[in-house]
Amino acid sequence: MSSFANTTPFASNPVTTKAELAQYLTGLLDALAPHTSPGGARIHLGFTGTHYDEAAAQLEGFSRPIWGLASLLAGGGSYPGVDRWVRGFANGTNPDHEEFWGNMRNKDQRMVECSAIGFSLSVAREQLWDPLPAEGKRHLEEWLGGMNDKEMPNTNWLWFRVFANLGLSKVGSPRFDAKRMKADLDHLDTFYIGDGWSRDGPEGVVQLDYYSSSFAIQYAQLVYSKLARKEDPERCEEFRNRARKFALDFVHYFDEEGRAIPFGRSLTYRAAMSSFWGALAFADVEPPVPLTWGAVKGLQLRNLRYWARQPGAYNVDGTFTIGFCYPNHNMTENYNSPGSPYWFCKSFIALALPESHPFWASPEEPYPAALRNTVKPLYKPLHIATNLGGHTYILSSGQQCSYPVKQSAAKYGKFAYSSAFGYSVPVGSLTLEELGADSALALSDDDGEVWKVRRDTREARIEDGKWLHSMWYPWKDVSVETWLIPPTPDVPLWHLRIHRIKTGRKLLSAEGGWAIYGQGPDDRALEPSTEEAFGTLESGSEARATSKAGVSGIAELRQRPSRKGKAMRTDANTNLMVPRAVMPTLMEEHEAGQGDVWLVTAVFGLPSVGGQDGAAPGWEAEWRKRPVIPQEIAALMA
């Protein structure tokens, strides 16, 4: 297959030094110049819509790159196009200018964009604030201060007002509201639930996704802990202590190749998933053992290198696409504008550090050896993380978005999420192929016309550090009790899902394994195959698919001949990682009133590594092994 299109404008950059990271950022900023308005205040990158207005969307394109630009300037770097943003500050906040952003209203998207602006005033005042004329400064501070009397969502958004006030304080503005900032910080502290973790909202919210870490809360706490250390020392030290604890959990969401596990919403922010590591360095927080500065550097830079080499993440001019590994609007939210992906630029915060900082002075280290081939229960987010056998993923039960969000069942309700295989989202509602039900149990009570998958998970808990146990009630007369059991050293490539279904109605069930790249060496659809050759296999109550991405398989462990294995070709653009995927699936019919229906599903996965085509040879020996049902659960089944 020709690979002429399989590159990016940034693929040749090694991204190993501060200068190379700055070069990467500069390339991203340069690509925005042709899309910038004459007055500099708006950046227009496309014509898709959002739930908010177009002016706010173009402000988003303007503001989000500032996370990177301000970090570059704060670290002694320069950028020839900085005047675009200085002019944008003056004109975007001028009520008489045609590019005026508009004043903020309650719960306004403009509030989100204030965080990058406040950060820039805090760390790059000389380059971005001082050049403004007196009128421009007055307009900017009036506009930023305009959010202090507005209603905000009771979520991580409150950090955006904190950063606006922080920036106003750093430039000595009379619009700085110390009382408002303290009240916001005090309230944000009520989101903290221990072990370094904060939920994204008040008590009752069970949402601990990347907004709890890199996208918002942890990142903001770390940056604040450096910039407000003199004024708020006790709180800042608490934030730093939280980060030390959090780091020892968060490291398990990354694999040896630099990928972060896709989970939750807003994944079009891509490398922002890793920005916690740069923020840890920015705040001068000594990494907790077994992490070192070299390990932290590796976690940040490997993720950036991964994204620098993903062709589908970029348009041909070097601007970002909306999607994940390729342009994909099926997985986005109604707040994703063409400028939204530039939240990515939070991952450039290490550019604010001098070359002498241990982050840059330390040699980059691989993923810590002490953390490889491990299984770790993560009690606060209700995840069990594992990288046994070279496959990094989490088992998950209990999280859900606290408000309606597109594809929330796929983003929070699946049984497992993989750094290599990602997850899939629905692209339609008529067929199982459209559903993208990887790592999920789909049920239908109308012969497959409509399918339900888990979204509202109840009674979720980690039991004795061994497994996740939860309930799902898809209909009033149907209950599904699920145990998710992580791999063990003797069968490292398998995990178990055990379901007890009680139903008062006839059901169809379809349970998916990992969705995997579905093309052969000739780029044509996978054909049936045997042994370790690329292709698909369907045999009784088993199915698997093998391709250059690795191998994925699924098997029923009990004698259930009615449960059939199928290598299902999902509809195009369901999976986040690849646009053409195959999903090993088990299918069965269940009659009403049968008593307990036990499904014992073993799921197999081994990704390729280091750019190799396919899983490492010899994996079929691991396939022939099968996990054992834990005695406690087997006793319930007897």
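**Sheets, backbone geometry and the largest pocket**

In the predicted model, β14 and β15 form a hairpin with two residues between them, and G540, which lies in the turn, has a positive phi of about 60°. The two strands of this hairpin, β14 (535-539) and β15 (residues 542-547), are paired in the antiparallel sense over five bridges. Within that pairing, T536 has A545 of β15 as its bridge partner.

The hairpin belongs to an open sheet of eight strands, whose order is β8-β9-β10-β11-β19-β16-β15-β14 and whose pairing is antiparallel. The edges of this sheet are taken by β8 (457-463) and β14, each of which has a single partner strand, so that one side of each is left without a neighbour in the sheet. From one strand to the next, the twist averages 15°. Elsewhere in the same order of strands, β16 (residues 550-556) and β19 (residues 597-607) are joined in the antiparallel sense over seven bridges, with E556 standing opposite T601 in β19. Strands of a sheet pair through backbone hydrogen bonds, in either a parallel or an antiparallel sense.

Ahead of β19, the loop that follows β18 (581-590) contains G593. With a relative accessibility of 65%, G593 counts as exposed, because the cut-off for this class is over 50%. Although G593 and S479 are separated by 114 residues in sequence, their C-alpha atoms are 12 Å apart in space.

A further open sheet consists of four strands in the order β3-β4-β5-β6, again with antiparallel pairing. Here β3 and β6 (416-418) stand at the edges, and each has a single partner strand, so one side of each is left without a neighbour in the sheet. Neighbouring strands of this four-stranded sheet are turned by 20° against each other on average, when direction is ignored. Four bridges connect β3 with the antiparallel strand β4 (residues 383-386), and the bridge partner of V375 in β4 is T386.

The loop that leads from α14 (358-361) to β3 (375-378) contains N373, a residue other than glycine whose phi is nevertheless positive, near 50°. A positive phi, of about 50°, is also found at V15, which is likewise not a glycine. V15 is placed in the segment before α1 (18-32) and, at 1% relative accessibility, counts as buried, since the limit for that class is under 20%. The backbone of the model also includes a cis peptide bond, which joins V289 and P290 with an omega of about 10°; P290 is located in the loop between α12 (275-282) and α13 (293-308). Such features merit mention because most residues other than glycine have a negative phi and most peptide bonds are trans.

Among the helices, α10 (residues 217-227) is mostly covered, with 10 of its 11 residues buried. The buried positions of α10 are I217, Q218, Y219, A220, Q221, L222, V223, Y224, S225 and L227. In an α-helix, which has 3.6 residues a turn, residues three or four places apart point the same way.

Helix α9 (residues 178-189) contains the acidic residue D184, which counts as buried at a relative accessibility of 2%. The side chain of D184 is joined to that of R161 by a polar contact of 2.7 Å. When neighbours within four places in sequence are left aside, the residues in contact with D184 are L158, R161 and V162.

The largest pocket of the model has a volume of about 1400 Å³. Its lining is made up of 39 residues, of which N6, Q310, P311, K548 and V578 lie nearest the centre of the pocket. The elements that give two or more residues to this lining are α13 and β13 (516-517), and the largest share, three residues, comes from α13. The helix α13 is also the element that bounds, together with α12, the loop in which P290 is found.

How values were computed
Residues are numbered from 1 along each chain as its sequence is written. This is a predicted model: local features need pLDDT of at least 70, side-chain atom pairs count only at pLDDT 80 or more; totals for chains, interfaces and linings use all residues. Side-chain values use heavy atoms; hydrogens and water are left out. Buried means under 20% relative accessible area, exposed over 50%, partly exposed in between (1.4 Å probe, protein chains only). Two strands pair if DSSP finds at least two bridges between them. Axes are lines fitted to C-alpha atoms, for helices over the stretch in contact, and angles run from 0 to 180 degrees between N-to-C directions. A polar contact is a pair of N or O atoms within 3.5 Å; within protein, one must be able to donate a hydrogen and the other to accept it, and residues adjacent in sequence count only if both atoms are side-chain atoms. Contact means heavy atoms within 4.5 Å. On a 1 Å grid over the protein atoms alone, a cavity is a set of points where a 1.4 Å probe fits but cannot get out, and a pocket is an open set with protein on both sides within 12 Å along at least five of seven lines; lining residues have an atom within 4 Å of a point. Grid points are joined across faces, edges and corners, and a volume is the space filled by probe spheres set on the points.
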